[in-house]
Amino acid sequence: MGCLSENVCYNEGMENTAKLSGGKKRFRLERAKVKLLASYYGHPARDLRLICITGSTGKSVVAHFVHEILQAASQPAAILASDQNIKATVLHKFLNDAWKAKVTYAVITAPATALSSETFYGLPIYVAALTDFVPSGLTDDDLKDYLGAKETLFKMNPEVVVLNRDDAHYPDFAQFKGKSETITYGTSSDSDLKVEASKLYRKGVEAGLSLGSQSWTVASFLTGEPTVSYMACAAAIATALNVGPSVIAEGIASYEG
């Protein structure tokens, strides 16, 4: 299976962070709705490995990098990628379609609005990854809600947690650990997967990565410095899935946006 697409909206800009708060009654109603949807479709997520990516920017880019890497590794995968809200009805139909297609992995973006509305409630998260946390223009109250929404994903006991060591808000997320593994990435010397060097070109970017004794180069036709971090995030996720460096590089290079 190639790309089983329920592609909602490919806007790579910063997600909408307006009004994420809600009362306990709304949460109970949203959770009840999600539980009904999961039951209606027969809980297909239980037979899938869910890779969920959240962050203020770059979620869809990372999701597509990971999807291409899995294709290069001959691993059946489906993708649902959007920087805007994902409704529970769309998510659960997608999971059912992915199950019917007999894929192993479901790569999904998790916008703050979807997390705050309990869209992912009760799902067995295999990988939870963070691209960045950029709370620009938010009041203190809205910042608290936005941070709480993002943290929701990491409180769902994922097997693997992937975090951006360079992000200014890394300390807010460092408390979260994967049941099996936690991987950090970035230029920081404290990162597990390190960005050793990078080059920006008019028509793409290139970065040297290292993890333990392994070093390799990845490149993308996407432009801009943030792409370096997105490539590193995708590489960290793929590493947790036991995908080798050469396949990671092949997958990243295959996505042209």
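These are my notes on the overall fold, helix H8 and Ser117 in a predicted model.

**Overall chain**

I began with the secondary structure, and the protein chain comes to eight helices and 10 strands. I then looked up burial: of the 257 residues, 51% count as buried. For the exposed surface of the protein chain I noted about 11400 Å², with carbon and sulfur atoms supplying 48% of that area. I also checked contacts with a separation of 6 or more, and residues 24 or more positions apart account for 68% of them.

**Helix H8**

I turned to H8, which spans residues 245–254, and listed its buried residues: Pro245, Ile248, Ala249, Gly251 and Ile252. Seen down the axis of H8, these buried residues fall within an arc of 165°, so they line one face of the helix. I set this beside the usual geometry: an α-helix has 3.6 residues a turn, so residues three or four places apart point the same way. Next I asked what covers the buried residues of H8. I found that the cover includes helix H2 (59–72), strand E10 (214–220) and helix H7 (226–240).

**Ser117**

I located Ser117 in the loop between helix H4 (112–116) and strand E5 (125–130). Is Ser117 buried or exposed? Its relative accessible area is 15%, and the cut-off for burial is under 20%, so I entered Ser117 as buried. I then followed the side chain of Ser117, which reaches the backbone oxygen of Ala114 at 3.2 Å. I also recorded a polar contact between the side chains of Ser117 and Thr119, at 3.2 Å.

Conventions: Residues are numbered from 1 along each chain as its sequence is written. This is a predicted model: local features need pLDDT of at least 70, side-chain atom pairs count only at pLDDT 80 or more; totals for chains, interfaces and linings use all residues. Side-chain values use heavy atoms; hydrogens and water are left out. Buried means under 20% relative accessible area, exposed over 50%, partly exposed in between (1.4 Å probe, protein chains only). Helices (H or I, at least four residues) and strands (E, at least two) are DSSP runs, numbered from the N terminus. The arc is that of the directions from the helix axis to the C-beta atoms. Contact means heavy atoms within 4.5 Å. Accessible areas come from the Shrake-Rupley method with a 1.4 Å probe; for residues, only the protein chains shown count as cover. A polar contact is a pair of N or O atoms within 3.5 Å; within protein, one must be able to donate a hydrogen and the other to accept it, and residues adjacent in sequence count only if both atoms are side-chain atoms.
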